[in-house]
Number of protein chains: 2
Amino acid sequence: LGGSGPVRVAVDAMGGDHAPAAIVAGALRAHRAGVARVLLVGDTDRIRDALAGDEGPEIVHAPETVDMGEEPALALRRKRGSSIRVAAELLAEGRADALVSAGSTGATVAAAMLVVGRRGVRRPAVAAWVPLDEGAPRAAFVLVDAGANIDVQAEALVSYARMGRAYAQAQGVSDPTVALLNVGAEPGKGNELARAAFELLGDVEGFVGNLEPPDVLAGAADVVVTDGFTGNVFLKTLEAGLDSRQSPGAAIVLGVAGEVLVAHGAAAAEEIEAAVRTAATVAHAGLSDRIGDVLQAPSTT
Amino acid sequence: LGGSGPVRVAVDAMGGDHAPAAIVAGALRAHRAGVARVLLVGDTDRIRDALAGDEGPEIVHAPETVDMGEEPALALRRKRGSSIRVAAELLAEGRADALVSAGSTGATVAAAMLVVGRRGVRRPAVAAWVPLDEGAPRAAFVLVDAGANIDVQAEALVSYARMGRAYAQAQGVSDPTVALLNVGAEPGKGNELARAAFELLGDVEGFVGNLEPPDVLAGAADVVVTDGFTGNVFLKTLEAGLDSRQSPGAAIVLGVAGEVLVAHGAAAAEEIEAAVRTAATVAHAGLSDRIGDVLQAPSTT
């Protein structure tokens, strides 16, 4: 962190269904509550309009935006003035300690990889805490990958397991258990990817085997790994169906050299405020460094 | 159907978590209600014990069972006296008009393919009606494949779309719409399989494109196709999470030369009774023949 001052969180003011109004409102609340020093990144005029005379957060001008339909890596390279790219540069240059965006997940992950840079793994991934029902043996589990990498090899799931475990540990879970999301509990179940991953995951500390969705949702493991396609379908099915369940909070990009938080596209001001709080917490904890250290330690590579 | 008598439904009395008691009880109810003439297939002594003096359904002796952990095709070849194999033979030989099993889905699908035989497609699949919330534009949608084929090529999803459409039509849906389950709505979204399937599905009548889980659950299409791994994860996530939603009824094997119903492993007597009713309905409708005709028609192959 940059000395003894408050944590500085760059917020992509232009990303999300309700941007910039809801983003600016949520970021402003977190800023005023002293959670973090917020840097609002985006079109200065539109941010000023959204602030409606309020002062406090610094505005960093970014004239362009990445749209939801754009191919992320391409958009990021072409639009050097896009709010997500400028925000990622603040993080990469040490002018911010964390980044929050409710824009395209693909663009945020691409910015994390291309601008902030990988740390410790070939495939950064998105991890989401999924809250469990009361009565489950744990309050939530970490799902990796929630949708960053759609087509992967089995080796990637091993790095997801190690990153997910380090993430859970950094958030206070001692000796986290790790499971593979699958269509059956027995070894040998699943598609080609799952069967290959099962073999490799045997070497990961805390691995408890395959789990079917009902067991995952009963809280049978702290960390659940799967490919980004299956993880995204699983998470969206859960979110669509479960009215009674809290929606998962902001997700995080694991395996990059900085704290990058992915808020819901539909995030309202409260969710942006919560995401800035989470960003401040993980920045304080130096999460990305801790995960990078774990991944680079000889015992886990 | 075998003349003018009642529909004959072979019930695998030994398959399911609560077999034979719950299976026999449910089948007996359907039999007594005149829904169908039930043939109870399994260990004669255990079925007699479960009947506890009740009479009516014919018992067809089968001394072996296929266990949940067994490799389905192998178990089916080795255990010629297994209840699922003997029940499938009754169907293949025209001594029954439909088959219901709550045993291993894999073994039931394997019996349908190996004993009853394929009809019209290379890859038979399992279709499940998934009930939707009130207020949705339709009461339910058909999910294909619910888990029969874990590793498939894109071409299989085209046959799933055609079979699912024919199934929905046979159950009264006029001009069914078909969607591909995916992680994004735009063309080009998804993993390698989904992207390839999207291209091929353009030729299928009623195809409306990609749908994400929330749109599927909002009732945006009549038929939703996906590979068996993703379909199984989707269905099990839904079943585990949605207390308020009715659990889907028995699933059906599409693309085989007879009516084969897959009841829940955990099925209680009521669910077995309902599955026998569904079996009688689809046998009356000659569903497998209708689907076979559609698939073999020049305009849809």
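**Two chains and the helices that join them**

Helices α9(A) and α9(B) are roughly parallel to each other, because angles under 35 degrees count as roughly parallel and these two helices pack at an angle of about 25°. The model in which they are seen is a predicted one. In each chain, helix α9 covers residues 228-241, and the axes of the two helices lie 9 Å apart. Two packed helices are described by exactly these quantities, the angle between their axes and the distance between the axes. The crossing of α9(A) and α9(B) is right-handed.

Which residues of the two helices meet? From α9(A) come F229(A), T230(A), V233(A), F234(A), T237(A) and L238(A), and they meet F229(B), T230(B), V233(B), F234(B), T237(B) and L238(B) of α9(B). Sorted by class, this helix contact has eight nonpolar residues, four polar residues and no charged residues.

The helix pair belongs to the contact between the chains, to which chain A gives 25 residues and chain B gives 25 residues. Together the chains bury about 2300 Å² between them, and 70% of this area is on carbon and sulfur atoms. Of the area that chain A buries against chain B, 25% is supplied by V183(A), F229(A) and T237(A), more than any other three residues supply.

Attention may now turn to the sheet of chain A. Strands of a sheet pair through backbone hydrogen bonds, either parallel or antiparallel. In chain A, 11 strands form an open sheet with mixed pairing, in the order β3-β2-β1-β4-β11-β10-β5-β6-β9-β7-β8. Its edge strands are β3 (58-61) and β8 (207-211), each of which pairs on one side only. On average, neighbouring strands of the sheet are turned by 25° against each other, direction ignored. At the β8 end, strand β7 (residues 178-181) of chain A pairs with β8(A) in the parallel sense over four bridges. The bridge partner of L181(A) in β8(A) is L211(A).

A helix also lies across this sheet. Helix α10 of chain A, residues 269-285, lies across β1, β2, β4, β10 and β11 of chain A, and runs at about 155° to β11(A).

Finally, some details of the backbone deserve notice. Most residues other than glycine have a negative phi, and most peptide bonds are trans. By contrast, a cis peptide bond joins V144(A) and D145(A), with omega about 15°. D145(A) is found in the loop between β6 and α6 of chain A. In chain B, the peptide bond from V144(B) to D145(B) is cis, with omega near 10°. D175(A), in the loop between α6 and β7 of chain A, has a positive phi, near 50°.

Note on methods:
Residues are numbered from 1 along each chain as its sequence is written. Chains are lettered from A and ligands numbered from 1 in the order in which they are written. This is a predicted model: local features need pLDDT of at least 70, side-chain atom pairs count only at pLDDT 80 or more; totals for chains, interfaces and linings use all residues. Side-chain values use heavy atoms; hydrogens and water are left out. Two strands pair if DSSP finds at least two bridges between them. Axes are lines fitted to C-alpha atoms, for helices over the stretch in contact, and angles run from 0 to 180 degrees between N-to-C directions. Contact means heavy atoms within 4.5 Å. Angles under 35 degrees count as roughly parallel, over 145 as roughly antiparallel, 65 to 115 as roughly perpendicular and the rest as oblique. A crossing is left-handed if the near helix is turned anticlockwise from the far one by less than a right angle, and right-handed if clockwise. Ala, Val, Leu, Ile, Met, Phe, Trp, Tyr, Cys and Pro count as nonpolar, Asp, Glu, Lys and Arg as charged, and the others, Gly among them, as polar. Buried area is the accessible area (1.4 Å probe) that two parts lose on being put together, summed over both.
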